[in-house]
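Visitor: I should like to learn how to read the spaces, the helix packing and the buried positions of a protein model. May we work through one example together?

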Amino acid sequence: MRITDIVPSGLSTDRRHGSRFAVTTATRASTITLLLAVPALVVLVALPAFASRVLLQELFYVFTMLALAQLWNLLAGSAGLISVGQQAFVGIGAYALFAFAVMTGLDLVTSIVLAGVVAGLIAVPAALIVFRLRGAYFAIGTWVVAEVCRLILAQVKQLGGGTGTSLPPDVASSIVGIDFVRNLFQVRGPAARDILSYWIALLLALGTFVLIYRLLRSRYGLALSAVGDAEPAAESAGVDVFRTKLFIYVITAAATGMVGALIFLQKARISPDAAFSLVDWTAYVIFIVVIGGIGTMEGPIIGVVIFYLLQYYLASLGSWYLIILGGLAILLMLFAPSGVWGVISHRFGISLFPVRRRLIVRDVQAPDNKSKI
């Protein structure tokens with residue numbers, strides 16, 4: 001179990017000297033980060049008031065990719081479940097959204113939540129299959145599950161079959177709150193839908209981050225860390241390995257399904273190949289986590305920024321763009337396996353969002369037992 005012990009030199013650990021132990025995760029850098037995060041969040045919420053529609057669409061993409069990266073990082077970096085089939089839950093969530101919205105006429109925001117529920121429910125039988133596998137076989141098994149889901153949904157004629165379908169214009173413009181946004185910012189329907197999608201993406205990215213951060217800092221996070229390090233040792237310490245992994249797998253699947261539903265709500269069109277794309281929803285996500293720093297909260301944030309900049313400036317190069325991404329990932333894995341943030345953290349000794357416990361010793365003055373005259 002990865003717990004960093006820090007005991008200041010020269011301090012006694014004997015209770016007779018009044019020493020007291022404490023376990024903490026907070027650092028000075030994390031406190032400063034929290035203080036700066038509040039005004040930054042206010043600016044992001046208010047951004048549609050003065051930002052262009054193009055910028056909101058770009059940030060929508062960044063936030064959704066960040067949420068997917070954080071979820072995969074939890075799955076692989078903390079639980080040790082290296083999945084290459086997370087596109088299964090992106091696609092399931094997207095198709096569930098279209099099914100609820102088109103077939104039942106359910107509100108789109110409610111459909112996003114229910115899409116996550118559907119993805120989480122499907123993750124249970126999928127986990128019972130892939131958890132029988134280990135290592136590379138587990139990774140291949142998750143990809144096979146994703147392909148099976150793609151082939152099954154490609155047969156559903158009500159959702160377009162193999163060619164896909166689009167959201168009817170009246171359904172796409174019926175999202176709750178669109179009239180309020182249209183009147184508030186004096187914009188037309190498509191622009192108002194982009195603003196609402198941006199806010200929901202921001203909420204999902206923030207909610208995913210907070211959920212994972214609090215989870216890793218809890219007692220359950222210690223069990224998860226133990227499972228990721230060594231399953232036999234964790235089991236011998238009393239951790240229910242299967243239930244721990246199943247819980248993480250289902251939670252990440254449900255949240256991934258919600259993100260997938262939002263992505264294809266914004267696109268307003270779906271097809272099996274797009275919804276279950278290995279490159280778009282798993283390969284890029286793995287790249288983001290690897291170059292940023294796997295197993296850290298800061299890594300996906302750094303990684304998504306680097307990925308977006310590379311995509312923005314190099315996407316016009318065609319196939320060379322993918323070659324450059326792959327080459328960069330290989331170089332980092334060879335010379336900086338802990339990622340960009342790992343190098344920065346090791347060099348400067350900082351942690352903006354610490355999740356590891358630190359043992360500290362605080363001096364407490366011993367009581368004066370001399371009798372008073």
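Guide: Certainly; please bear in mind throughout that this is a predicted model. Let us begin with the open spaces: the largest pocket holds about 970 Å³ of space.

Visitor: Which residues are closest to the centre of the largest pocket?

Guide: The lining comprises 31 residues, and those closest to the centre are Ala37, Leu206, Phe209, Ile301 and Phe353. One may then ask which elements supply the lining. Two or more residues come from each of helix H1 (28-46), helix H2 (53-78), helix H8 (189-217) and helix H14 (298-314). Of the elements, H1 gives the most, with ten residues.

Visitor: How does the lining of the largest pocket divide by class?

Guide: The lining of the largest pocket has 24 nonpolar residues, four polar ones and three charged ones.

Visitor: Let us turn to enclosed spaces. How many cavities of 30 Å³ or more does a search of the whole structure find?

Guide: The search finds two. The largest cavity contains about 50 Å³ of space, and the second largest has a volume of about 40 Å³.

Visitor: What lines the largest cavity?

Guide: Its lining consists of Leu68, Leu71, Trp72, Gln86, Thr256, Trp281 and Val285. The elements giving two or more of these residues are H2 and H13, and H2 has the largest share, with three residues. By class, five residues of this lining are nonpolar, two are polar and none is charged.

Visitor: And what lines the second largest cavity?

Guide: Here the lining is made up of Gln70, Asn73, Leu74, Ser78, Ile212, Leu216, Gly295, Thr296 and Met297. H2 and H8 each contribute at least two residues, with H2 giving the most, four residues. The lining of the second largest cavity divides into four nonpolar and five polar residues, with no charged residue.

Visitor: How should I read the packing of one helix against another? Take H2 and H13: at what angle do their axes cross?

Guide: One considers the approach of the axes, their angle and then the residues that meet. The axes of H2 and helix H13 (residues 278-292) come within 9 Å and cross at roughly 75°. An angle of 65 to 115 degrees counts as roughly perpendicular, and H2 and H13 are therefore roughly perpendicular to each other.

Visitor: Which residues meet where H2 and H13 are in contact?

Guide: From H2 come Tyr61, Met65, Leu68, Ala69, Trp72 and Asn73, which meet Asp280, Trp281, Tyr284, Val285, Ile286, Ile288 and Val289 of H13. By class, this contact has eleven nonpolar residues, one polar and one charged. Leu68, Trp72, Trp281 and Val285 take part in this contact and also line the largest cavity.

Visitor: Finally, how is a single position to be read? Is Ile175 buried or exposed?

Guide: One compares the relative accessible area with the cut-off. Ile175 has a relative accessible area of 3%, and buried means under 20%, so Ile175 is buried. Ile175 lies in the loop between helix H6 (169-172) and helix H7 (178-185).

Visitor: With which residues is Ile175 in contact, leaving aside its neighbours within four places in sequence?

Guide: With that exclusion, Ile175 is in contact with Asp107, Leu108, Val109, Leu196, Ile200 and Leu265. The pair formed with Leu265 deserves a closer look: Ile175 and Leu265 are 90 residues apart in sequence, while their C-alpha atoms are 9.9 Å apart in space.

Definitions and conventions. Residues numbered from 1 in each chain as written. Predicted model: local features only at pLDDT ≥ 70, side-chain atom pairs only at ≥ 80, totals over all residues. Heavy atoms only, no water. 1 Å grid on protein atoms, 1.4 Å probe; cavity = no way out; pocket = protein on both sides within 12 Å on 5 of 7 lines; lining within 4 Å. Points joined across faces, edges and corners; volume = space filled by probe spheres on them. Nonpolar A, V, L, I, M, F, W, Y, C, P; charged D, E, K, R; others polar. Axes fitted to C-alpha atoms, helices over the stretch in contact; angles between N-to-C directions. Parallel < 35°, antiparallel > 145°, perpendicular 65-115°, else oblique. Contact = heavy atoms within 4.5 Å. Buried < 20%, exposed > 50% of the residue type's maximum accessible area, 1.4 Å probe, protein only.
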